[in-house]
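Please walk through this chain with me, beginning with one pair of helices and moving outward to the core, the annotated sites and the unusual backbone positions.

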Amino acid sequence: MKANIYKGKRLLLKRRRRDAMADADAVDADDSGAQKRKEMADDEGEAAEGEKCCLISYAQLPDYLKDNEYILKYYRADWPLKQAFLSAFRWHNETLNIWTHLIGFFLFLGLTMVHLNGVPRVMDLLNNFTSSFAMAAVVNASDNNLDFFTETRTTRSSEIFDQVVDQNKKTITREAISSSGGAAARWPFFVFLGGSMFCLLSSSICHLLSCHSRRLSTLLLRVDYSGIAVMIVASFFPPIYYIFQCEPRWQFIYLAGITAFGLLTLSTILSPAFSAGGFRNLRVLLFLAMGFSGLFPAVHATVVNWSEPNRNVTLLYEAAMALSYLIGTLFYLIRVPERWKPGSFDLAGHSHQIFHVFVILGALAHYGATLIFLEWRDSVGCV
Ligand SMILES: [Zn+2]
């Protein structure tokens, strides 16, 4: 009886152990299934992510990204923000659009830093140093010749010394006047540099992140167009401020006029009806009208300063600026060269990249003219 009970217990234990092992196997099986499902899901996720971040063709683009039918491939669409951001370092049809204006932004940032850190003051120091050096050299040279011209020693050396000291005094006096408020105000110059940086950076960000979503694309395009309007208005400030510094009435009329025009353009650009798309030509027309309104103060300034020796140089710089902007705009409008051979300029050489380069060249030409206006007003002042 006892033996039977014992045998029964052993069988029970054996069965329990078997059931437990079966359960464990089942759990293991479940675990490995889950793991497999997870791995598969991960694979699918990666595939989806990868698929999402693949470059696609114009035909596959969502409507909001369709802009240039002559660029056929290498588009990004609906990419996550992180991937869109990192795509600055990948090849696609916007890479050069991003970098042309980003490099332009850093260029103008560098110029701003240079002027903020007072490089002109370094130049003044160098001038002082070289003139002191020249003075010492002249005195030494005249002293060396004393063996032969002893009788004229005092007279000649003191004359030369007096001349150099006089020259130095003039320089110091001019600097003293400048530093005591005689120099022209710098803020219009920095308005131009700041406006240019805003335009170039917003354009670069727009090209980088517009592929994320329709909403962000609409927002960034508005910021991009606003940047162009801001840059045009900001470009007017240095020439008008410095040229008409001694005629505050005209200075105010022209600066208020272009600012009002800029605000009108901004309100048009930012209106919901305008951002619906299909306003490419109207947009360009508005920007061109803003730019060409500069002809009024330009003609006025040329007539008033007809005998000014710097006139031709500044006109040349400004003509180079206008030509650069016009050529760039022409490329933007006619979409050449990609129109001639669709698909051949997808990555490099298409019209928008050429337009960007001409925008930077135009801004640099205007920077050159602005430096001349600034130096001229520093030296002339108002009498
Ligand atoms: Zn652009």
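In this predicted model, the contact of α7 with α8 brings R222, Y225, S226, A229, I232, V233, F236, F237, I240 and Y241 of α7 up against Q251, Y254, L255, I258, T259, G262, T265, L266, I269 and L270 of α8. By residue class, this contact divides into 14 nonpolar, five polar and one charged. Two packed helices are described by the angle between their axes and the distance between the axes. Here α7 covers residues 214-243 and α8 covers residues 248-270, and the two pack at an angle of about 175° with their axes 10 Å apart. Because angles over 145 degrees count as roughly antiparallel, α7 and α8 are therefore described as roughly antiparallel to each other.

Two residues of α8 help to show how this pairing looks from one side. L266 lies in α8 and, once its neighbours within four places in sequence are left aside, is in contact with S226 and A229. L266 and Y225 are 41 residues apart in sequence, yet their C-alpha atoms are 8.2 Å apart in space. With 17 other C-beta atoms within 10 Å, L266 is partly exposed. F252 is also placed in α8, and its C-alpha atom is 9.0 Å from that of I240, a residue twelve positions away in sequence. F252 has 12 other C-beta atoms within 10 Å and is therefore exposed.

From this pair the view can be widened to the nonpolar interior. The largest nonpolar core has 47 residues, and those with the most contacts inside it are I228, A229, I232, V233 and I240. The elements that give two or more residues to this core are α3 (95-116), α6 (187-209), α7, α8, α9 (280-292), α11 (311-334) and α12 (351-380), and the largest share, 14 residues, comes from α7. Apart from this core lies another, of six residues, among them I98, L208, L209 and C211. I232 can be followed individually: not counting residues up to four places away in sequence, I232 touches G262, F287, M290 and G291.

What is the make-up of the chain as a whole, in helices and strands? There are twelve helices and zero strands. Of the 383 residues of the chain, 26% count as buried. Among the contacts with a separation of 6 or more, residues 24 or more positions apart account for 71%.

The UniProt record, an unreviewed entry, places the feature "transmembrane region" at residues 96-116, 189-211, 223-244, 250-270, 282-303, 315-334 and 354-374. Two of these spans can be compared with the model directly. Over residues 282-303 the chain is 91% helix and 0% strand, with the end C-alpha atoms 33 Å apart. The span 315-334 is 100% helix and 0% strand, and its end C-alpha atoms lie 28 Å apart.

The same kind of unreviewed annotation in UniProt places the feature "binding site" at H207, H352 and H356. Why can these three positions be said to gather at one spot? They span 150 residues in sequence, yet no two of their C-alpha atoms are more than 11.5 Å apart, so they gather at one spot. H352 is in α12, and with 21 C-beta neighbours inside 10 Å it counts as buried. H356 is in α12 and counts as buried with 26 C-beta neighbours inside 10 Å. Not counting residues up to four places away in sequence, H352 touches N97 and Y332, while H356, under that restriction, touches N97, T100 and H101.

A few backbone positions remain to be inspected. Most residues other than glycine have a negative phi, and most peptide bonds are trans. Y74, although it is not a glycine, has a positive phi of about 65°, and D78, not a glycine either, has a positive phi of about 55°. Y74 is in the loop between α1 (2-52) and α2 (81-86), and D78 is found in the loop between α1 and α2. Y74 counts as partly exposed, with 18 C-beta neighbours inside 10 Å, and D78 is partly exposed, with 16 other C-beta atoms within 10 Å. Further along, the peptide bond from V336 to P337 is cis, with omega near 20°, and P337 is found in the loop between α11 and α12.

Terms used
Residues are numbered from 1 along each chain as its sequence is written. This is a predicted model: local features need pLDDT of at least 70, side-chain atom pairs count only at pLDDT 80 or more; totals for chains, interfaces and linings use all residues. Axes are lines fitted to C-alpha atoms, for helices over the stretch in contact, and angles run from 0 to 180 degrees between N-to-C directions. Helices (H or I, at least four residues) and strands (E, at least two) are DSSP runs, numbered from the N terminus. Angles under 35 degrees count as roughly parallel, over 145 as roughly antiparallel, 65 to 115 as roughly perpendicular and the rest as oblique. Two residues are in contact if their C-beta atoms, placed from the backbone, lie within 7 Å. Ala, Val, Leu, Ile, Met, Phe, Trp, Tyr, Cys and Pro count as nonpolar, Asp, Glu, Lys and Arg as charged, and the others, Gly among them, as polar. A nonpolar core is a set of buried Ala, Val, Leu, Ile, Met, Phe, Trp, Tyr and Cys residues joined through C-beta atoms within 7 Å. A residue is buried if 20 or more other C-beta atoms lie within 10 Å of its own, exposed if 12 or fewer, and partly exposed in between; C-beta atoms are placed from the backbone. UniProt positions are given in the numbering used here, feature names are shortened, and annotations may be inferred rather than shown by experiment.
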